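Reader: Please show me the model, and then let us go through its strands, one of its helices and its confidence values in turn.

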Amino acid sequence: MRRPPRFLLARYSHHLVALLVVALVASSCGSSVVAVKVGNSTLDRDGVAALVAEMTGQPFDATIDAATTAGLVDRYVQYEALVDLLADYDVVATPEQRSTAQDRLLAAGVGPGDLSLPRLIGWQAALDLVEAGGPGVRAAYEAHVGLLSYELCTSHILVSAEDDAHAVIHLLDNGGDFAALAVSVSQDPGSGQAGGSLGCVSLGSFVPTFERAVLGALVEGRSLVGPVPSQFGFHVIRIDEVRTVDPVPFEALGRRASGALLQVAGLSREVQVDARYGVWDRAVGRVAPPAGPLAPALARLVS
């Protein structure tokens, strides 16, 4: 479950294309109802419809499933949060920096006629500015570094389906024993046999979505958080102990700077999402589709 996190989109062109091929310019004549808000950035309903239509190549109607819509809105939230955070510290890309970002995107395989290109340029330029450092980026990090100044002392239960993770949470909320559930249903054989325990480790030891959820739960004073997606499945995470550590100095971040600023942005921005487009979980830091019915998942887990 542990691996080095991937931060800089331009260095992972396949990851960039998967995450960023989205059109997000809201129609000036569309609905005035705010559907998604990330700091000072908003999309109205027409903007969300345009986002989904361009990403899927289909009109936004009943044929577009809720998971697809929630996933696209989630990607918008993650990167607009970073842009909004940097703007608070007067870190805004110049025309020259935007041109450099465009060149990187085109080299990574984004087509010059792609209607999402202007938005992607803004996101890539923000990541480039973080990578370059500078006083504004440093100030943004140092103002919020307390959000990251923790050691992660956790246990988890890993399952393959999101509905199964909801079922695990339901069982725990109704008196289920975490360690016993980890032994019986967790798909992580190492920690599962230890009652789910992962011990205490420093930031950077787990995948970014796992770490973001733990940090978000700490901010909210929660000891249980999930479902948390990763390439391994869906995690239900328990915080076993709260340990603060000395902040990592900005100059020591190196290639971790982009990941750190993305985490800070997601933890510090105000986010609102209209329920028709997904459910914003502030602790997990994710826009998720509504949960499915619990009965089938519970039957799988307890059978």
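Reader: Which residue of strand 2 does lysine 37 stand opposite?

Author: This is a predicted model, in which local features need a pLDDT of at least 70, side-chain atom pairs count only at pLDDT 80 or more, and totals for chains, interfaces and linings use all residues. Residues are numbered from 1 along each chain as its sequence is written, and side-chain values use heavy atoms, with hydrogens and water left out. Strand 1 (residues 34-38) pairs with strand 2 (residues 41-44) in the antiparallel sense through four bridges, where pairing requires that DSSP finds at least two bridges between two strands, and strands (E, at least two residues) and helices (H or I, at least four) are DSSP runs numbered from the N terminus. Opposite lysine 37, in strand 2, stands threonine 42.

Reader: Which residue in the hairpin of strand 1 and strand 2 takes a positive phi?

Author: Two residues lie between the strands of this hairpin. The positive phi, near 60°, belongs to glycine 39.

Reader: What is the bridge partner of valine 38 in strand 7?

Author: Strand 1 is also joined to strand 7 (residues 271-273), by three bridges, and the two run antiparallel. Within strand 7, the partner of valine 38 is valine 271.

Reader: How many of the twelve residues of helix 11 are buried?

Author: Buried means under 20% relative accessible area, exposed over 50%, and partly exposed in between, with a 1.4 Å probe and protein chains only. The buried residues of helix 11 include Ala257, Gln263 and Leu267, and what covers the buried residues includes helix 3 (66-88), helix 5 (117-132), helix 6 (135-144) and helix 10 (208-220). Helix 11 is largely enclosed by the rest of the structure, because the number of its twelve residues that are buried is ten.

Reader: With which residues is alanine 167 in contact, leaving aside its neighbours within four places in sequence?

Author: Alanine 167 lies in helix 7 (residues 162-173) and is buried, with a relative accessible area of 0%. Contact means heavy atoms within 4.5 Å. With neighbours within four places in sequence left aside, the contacts of alanine 167 are Leu294, Ala297, Leu298 and Leu301.

Reader: Which element of the protein chain has the lowest mean pLDDT?

Author: The pLDDT is the predictor's confidence in each residue, from 0 to 100, and the protein chain averages 86, with 89% of the residues scoring at least 70. Over residues 2-30 the pLDDT is below 50, although this stretch has 74 contacts in the model beyond near neighbours in sequence. Among the elements, helix 6 has the highest mean, 97, and the lowest, 35, belongs to helix 1 (residues 13-20).
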